[in-house]
Each structure stands twice: as structure tokens, then as C-alpha cells.
Amino acid sequence: MFAWSPDLNQSGPTEFVFRVFTTVPELQALLFLLFLLLYLMILCGNTAIIWAVRAHSSLRTPMYFFLSNLSFLEICYTSVVVPLMLSNILGAQKPIPLAGCGAQMFFFVTLGSTDCFLLAVMAYDRYVAIRHPLHYALIMTQKLCVQMVVCALGLALFLSLQLTSLIFTLPFCGHRREINHFLSDVPPGLRLACADTRVHQAVLYVVGILVLTVPFLLICVSAILRIRSAEGRRRAFSTCSSHLAVVLLQYGFCALVCLRPQSSSSVDEDRQFALVYTFITPLLNPLIYTLRNKDVKGALRKAISSKGTAEAL
């Protein structure tokens, strides 16, 4: 295990700054309002799912247990990035110390990796529900569900600690370096290092394969390929199509950022791709799982109507 200590970088920079989106004040205000609105929608939508699952006994099933955990992850995941991002949109560039940069990278990679693993767990849950409906309750026990979530988080913590520690043992030249991104991610961090990063790039590929490729393949296999009949495949696709849409966005754009060779990747493209899994997929999750889910919609309607009745009385 690599141990990260700020002392290893005593000759490196003491702080970083993030590249601004634009220097035009009008566009800065527009972007600030847009990202703030998206962030508030993410918070409200995912909080509504958590509240609905906790408040209604009919939603206390493995699928909704995983969904509420996914919503909690999305809230934490975006909150690691967006508040600091919003503070840097308006006004001058605000420096972030080396320790703060490392902390954001660690939590961003941890929560993002857990998100990817949890999507694979949710696909397995749907696979069991479709393939073994009569034994579903016996297989997907509460204990197993908790263990799967804990394992996803534990594996993500382990991989994130190794990757973040490895990145921040690199030397960074200069007192203040500009990160051509709106967050402290691994690829832009590697670009700032003034040392040979081939080993670090290889480690990034290995972690990327473990976090992205392996779960994605498991999702594909569990959702479609192992259901042999045409009717089974039709049922699987109708049941999991929304889930697969989110999976393709999440895994696809993360893979474009993490698994492309640096020689063929563009920092501007990486920032655009990162916007997708920072804002779009966390926003799509509550929309897809509420608008296309009768149980969640019914629970929310009951909660709103009961609250309205209570206020009327």
C-alpha cells in the first residue's frame, strides 16, 4: 500500500487553481445559475427518493434499498465537486491547497467507483428478480443487500486510496499550478506532474478496468445474455432499459476520460465529458426511477396528498 504524505512533495507546489470556464462576466453568471439549478434539482430529486423509500413500507425491498443508496451516493458525489466548482465560476481563481486537492480526488474517486459498483449490484438484483422470481426473497436477503453495498464501498475505498496516494507521490513543479479542469481528477493531475508517469498511467488503466469495464460486462451479462429465451430477453430489456441508459452514460463517459491514452485525449473534451457524469447521470437517476416507476410515483403522491390533508386539518 502506498502512503500519501504531504511531506513527499515539499519541493512541489503548495496550491493549485482550477481553469475557469470563461472570463466573460455575463457568461459566468449564466453558467453559475445553470449549474446551481442542476445541483438543486439533483439534491431535491435524490432526496425525494430516499425519503419515499424510508417513509413507505411498500418500498422496503432490495431494489429500492439499492436505489436509495444510489441516490445518497449521487448527493455526496456531486456535493464533493459542485460547491467548489460554483465558487470558482464567479470572480477570481481561488487557490486550493495540495491537501485539499488530494482530499477532493480521494472522495471523488471513492464515491464515483462506489456508484459504478452499485450499478452492477442493481443489475444483479434485477437479474435475480427476472430469472428467479419465486426464490427472489430467499436470495436477496437484507443481510446480503447490506453486505453487497459495504463490499462496493470497501473496494472503492481501497482502490481510491491506492490511486490517490500514487498520484500525490509525484513531484509537481512550481509554486502554483493550474488544473485544466473544474475538479481534482486523476488524468489532469497526471498532466501536471514533472516526472515520468507511465507507471501511474498503467495503474490508472488497471483501476479503470476494475471500476468500469468489469462491472459493465457484468451488467450486460446479468441483464441480457444469461436470459436465454427471446421472451426473457424482451422482459429484461423492458425492465432494465432505463437502468442500461444510465449505465451507458456513466460508464461510457468515465471510460472516455480514464481509459483513453493521454496522447489521444483532449483536456477540453475531458472537462465536457466530466460534466455528463457530474450533472447529467445524477439528475437522470431520480427522473428515470420516479417517472417510469409506478411504486415510487404512488408513494410520492400519497405523501404529498397526506401532507396536504394534514395541513388542511
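Helix α1 is a good place to start: its 31 residues reach 44 Å from first C-alpha to last, close to the 45 Å expected at 1.5 Å a residue. The expected span is 1.5 Å times one less than the number of residues in the helix. Helices (H or I, at least four residues) and strands (E, at least two) are DSSP runs, numbered from the N terminus. The model is a predicted one, in which local features need pLDDT of at least 70 and side-chain atom pairs count only at pLDDT 80 or more, while totals for chains, interfaces and linings use all residues. Residues are numbered from 1 along each chain as its sequence is written, and side-chain values use heavy atoms, with hydrogens and water left out.

The protein chain has 10 helices and three strands, which follow one another along the sequence in the pattern β-α-α-β-α-α-α-β-α-α-α-α-α. Of its 313 residues, 47% are buried. Here, buried means under 20% relative accessible area, exposed means over 50%, and partly exposed lies in between (1.4 Å probe, protein chains only). In α1, the buried residues include Phe35, Leu38, Tyr39 and Ile42.

Helix α3 has 34 residues and spans 49 Å between its first and last C-alpha, close to the 50 Å expected at 1.5 Å a residue. Because 27 of these 34 residues are buried, α3 is largely enclosed by the rest of the structure. Ser79 belongs to helix α2 (residues 62-89) and is partly exposed, with a relative accessible area of 30%. Between Ser79 and Phe108, 29 residues apart along the chain, the C-alpha separation is 9.5 Å.

Aromatic contacts come next. A pair of aromatic rings is described by the distance of the centres and the angle of the planes. Rings of Phe, Tyr and Trp (its six-membered ring) pair if their centres lie within 6.5 Å; planes under 30 degrees apart count as stacked, over 60 as edge-to-face and the rest as tilted. The structure holds 10 aromatic pairs. One of them, Phe21 with Phe182, is stacked, at 5.8 Å centre to centre and 25 degrees between the planes. Phe21 lies in the loop between β1 (15-18) and α1 (25-55) and Phe182 in the loop between β3 (176-179) and α6 (186-192), so this pair ties together parts that are 161 residues apart in sequence. Phe21 is partly exposed, at 27% relative accessible area, whereas Phe182 is buried at 3%.

Phe21 and Phe182 also join Phe35 and Phe279 in one aromatic cluster. In addition, Arg271 lies over the face of Phe21, 4.9 Å from the ring centre; a charge sits over a ring if NZ of Lys or CZ of Arg is within 6 Å of the ring centre and within 35 degrees of the ring normal.

Finally, the interior contains three cavities of 30 Å³ or more. On a 1 Å grid over the protein atoms alone, a cavity is a set of points where a 1.4 Å probe fits but cannot get out, and lining residues have an atom within 4 Å of a point. The largest cavity holds about 250 Å³ of space. Among its 18 lining residues, Val109, Ser113, Val211, Cys254 and Cys258 are the closest to its centre. Two or more lining residues come from each of α3, α7 (198-225) and α8 (230-258).

Methods. On a 1 Å grid over the protein atoms alone, a cavity is a set of points where a 1.4 Å probe fits but cannot get out, and a pocket is an open set with protein on both sides within 12 Å along at least five of seven lines; lining residues have an atom within 4 Å of a point. Grid points are joined across faces, edges and corners, and a volume is the space filled by probe spheres set on the points.
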